[in-house]
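Biologist: Let us go through this two-chain model together. I will ask, you reason it out.

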Amino acid sequence: MNTSAANAGVSNTGGWYAAAWLHRLASTRLTLLFIVLLACGVIAYEPAAGRGAWLIVAPLSLGAANLAAAILTNAVIRQHTALLVFHLALLAIVLLAAAGRLTYLKGQLELAEGEAFSGQLMQVERGPWHRSQLERAVFSNEGYTIRYEKGVRRADTRNAVRWVDESGREQRAVIGDHTPLTLHGYRFYTSFNKGFAPVFIWQPFAGVPQRGSVNLPSYPIHEYRQALEWNLPATQTSVWTMLQFDEVLLDPDKPSQLRLPSQHALVVRIGEARHELAPGARIALPQGVLTYERLSLWMGYTVFYDWTLPWLAAACVLAVAALAWHFRRKFAAQPWDA
Amino acid sequence: MTIELQLLWGALALYTLAGSTAIGGTVLARRVERSVLALIVIGLVVHAVSIGLRWERVGHGPFITMFEILSSNVWSLLLIFALAYWRVPAVRPAAAVVMPILFVMMGWMLVTSPGDGHYPPTYRTVWLYIHVFFGKVFLGAVLVAVGIAGLILLRRAGFGVQRLARLPDSARLENLAFRFMILGFVFETLMLIAGAVWAQDAWGRYWAWDPLETWAFLTWLTLAFFVHARATFRLQPHHSALFIMGVFVLAFLTFFGVPFVSTAPHKGAV
Ligand code: HEM
């Protein structure tokens, strides 16, 4: 017996099984099942709880396998170029979305006026394969204006930012609302979170002075809770800080703009001692001197990284164009009013 | 009453007259098509002036309050229906199905408050117009399909077999309804894409499964299911018609139910 011929027979049988399986996987009935499962998954999924992503991932994986098999084997799809392009684009969208989820980053940060972003986020969620380059995305908040309409309804936000580009040149831009700052793929958006930021200088007796801001709770949402407790750097000393002013900054009866009050007092409580500070005032403490420098504003940002965005957009446009093309051809064969 | 509201009432009266004429024409098997179209078109013009006056007065388009959204959708749905009515004569008897649906929306509009709403900063973008335009074409195309599907179901239920006798057979009607569904499918896909682009700009994420996104996606999935079921099994015309009704109900709830029931941040306020 010729062994090589026998081997070929075995591998042919294997090939035959594989082809049969591929055909089964390509079943359009499976597509219907996949759509039902995906719909159920989408209804059951609770994004707020951050759980149950598998409810979407599992049916999508089945759908992607079904779709890939159909693209390889289904005669109808293969013979109609537009239909083929549509389904390929659909597969690309699923794969890109998956790649995006594995590598994305979403986070929040706050910067006082004049402060530069150091790469530290207050809250962050990221895909398991995200390789952070955030430390390269350095920019500083150069101040902002937010207009309010009657009834204290927020209108446009304009935030000046500054950064140094790759060639070492300084760049400036105004971002806000729909316009993010994009640095190294990270998109920084202003958020509705913003407020007052007293700036302090802490001069310990042993060590170098440090300047820092205390970002009070978001304004005007927490208008009546403009206080915060924080610790002096590298000490156990807790400092309670409250901002007081009488002025109506955002008048419900007319348009206005978020700005610093023309007069304010900063109440600072350290242990039993209560101080009312004006800008420039100092408090002598056992470990050093705390100076209240001035009142400033902070801005809250969200940062989003997803390299797939332009590819996803392209795949979506391709999908919808191919879909329209396919049906245009199909319907053109017979008039609409036949 | 302001002129803006007077014009609105006038338009609604014209639509009601058009609808009643269409229904009467179907029941009595009379040819009333030109009058129906004329009444709808005059109504659309009057309604457009009313919407324009309000736009001018409040400084933004009809996108915010339920009253505005219902008003602008009654207008755009009727515009799309009138276009189909004009260009595709087989669609005309569907007016007897479509107009009552619009009556419900008009009635609902009349009990909502016509007061002003707040126009959030996230709405100040061209994507709003693109997204809304696609959405309106989507819903309008599905409504036309619903009208035709209604005729198929009426015929199947034995209503006015003679009155509907002049129509093409149900299989041909189904094919026509399917075409409008596909038009809707293409525009719904465009609406979802435009919405995702807008969401990326406005909220820094393109998709987050908020209730509106979820239900819009479910509507899209239902349509995909319909397309595939139709290609996989030889669906009877009345089965297709039921699918079409189902898609419309989902789309209707997504447009007019979810944003006003959920407190999720899709309205972009704060
Ligand atoms: C949910 C995502 C999907 C959508 C929106 C979609 C959409 C479509 C559309 C619009 C058609 C054209 C139907 C016609 O010409 O009447 C079509 C046909 C087809 N699709 Fe999909 N598809 C999807 C997923 C899939 C998957 C996962 C498969 C894998 C089996 C598949 C297989 C097919 C086949 C075989 C046809 C040709 C049907 C025929 O005309 O006989 N589709 N699809």
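Biologist: How far apart are the mean positions of the positive and negative charges of chain B?

Modeller: The model is predicted, so every value here is computed from it. Chain B carries 19 positive and 11 negative charges. Their mean positions lie apart by 14 Å.

Biologist: And what is the separation of the mean positions of the charges in chain A?

Modeller: Chain A has 30 positive charges and 24 negative ones. The mean position of each set was taken. The separation is 11 Å.

Biologist: Which order do the elements of chain B follow from the N terminus?

Modeller: Chain B has eight helices and zero strands. From the N terminus, the order is therefore α-α-α-α-α-α-α-α.

Biologist: Is chain B as compact as a globular protein of its length, or more spread out?

Modeller: For 270 residues the globule rule gives 18 Å. The radius of gyration of chain B is 19 Å, close to that figure. So chain B is as compact as a globular protein of that length.

Biologist: Chain A has six helices and 15 strands. Is chain A a compact globule or more spread out?

Modeller: The globule rule gives 20 Å for 338 residues. The radius of gyration of chain A is 30 Å, well over that. Its C-alpha trace spans about 100 × 65 × 45 Å along the principal axes. Chain A is therefore, relative to a compact globule, more spread out.

Biologist: What percentage of the residues of chain A count as buried?

Modeller: Buried means under 20% relative accessible area. Chain A has 338 residues to sort by that cut-off. The buried share is 41%.

Biologist: Which residues of chain B lose the most area to chain A?

Modeller: The contact involves 44 residues of chain B and 42 of chain A. The two chains bury about 3,800 Å² between them, and carbon and sulfur atoms give 70% of that. Three residues of chain B together make up 18% of what that side buries. They are R179(B), Y206(B) and W209(B).

Biologist: Which residues of chain B does V42(A) contact?

Modeller: V42(A) sits in helix α2 of chain A, residues 28-44. V42(A) is buried, with a relative accessible area of 3%. Leaving aside neighbours within four places in sequence, V42(A) touches I56(A) in its own chain. Across in chain B, its contacts are W209(B), T214(B), F217(B) and L218(B).

Biologist: What distance separates the C-alpha atoms of V42(A) and I56(A)?

Modeller: V42(A) and I56(A) are 14 residues apart along the chain. They are also in contact. Their C-alpha atoms are separated by 6.2 Å.

Definitions and conventions
Residues numbered from 1 in each chain as written. Chains lettered and ligands numbered in written order. Predicted model: local features only at pLDDT ≥ 70, side-chain atom pairs only at ≥ 80, totals over all residues. Heavy atoms only, no water. Helix = DSSP H or I, 4+ residues; strand = E, 2+ residues; numbered from the N terminus. Rg over C-alpha atoms; globule rule 2.2 N^0.38 Å. Lys, Arg positive; Asp, Glu negative; His and termini not counted. Charge placed at Lys NZ, Arg CZ, Asp CG, Glu CD. Contact = heavy atoms within 4.5 Å. Buried area = accessible area lost by both parts, 1.4 Å probe. Buried < 20%, exposed > 50% of the residue type's maximum accessible area, 1.4 Å probe, protein only.
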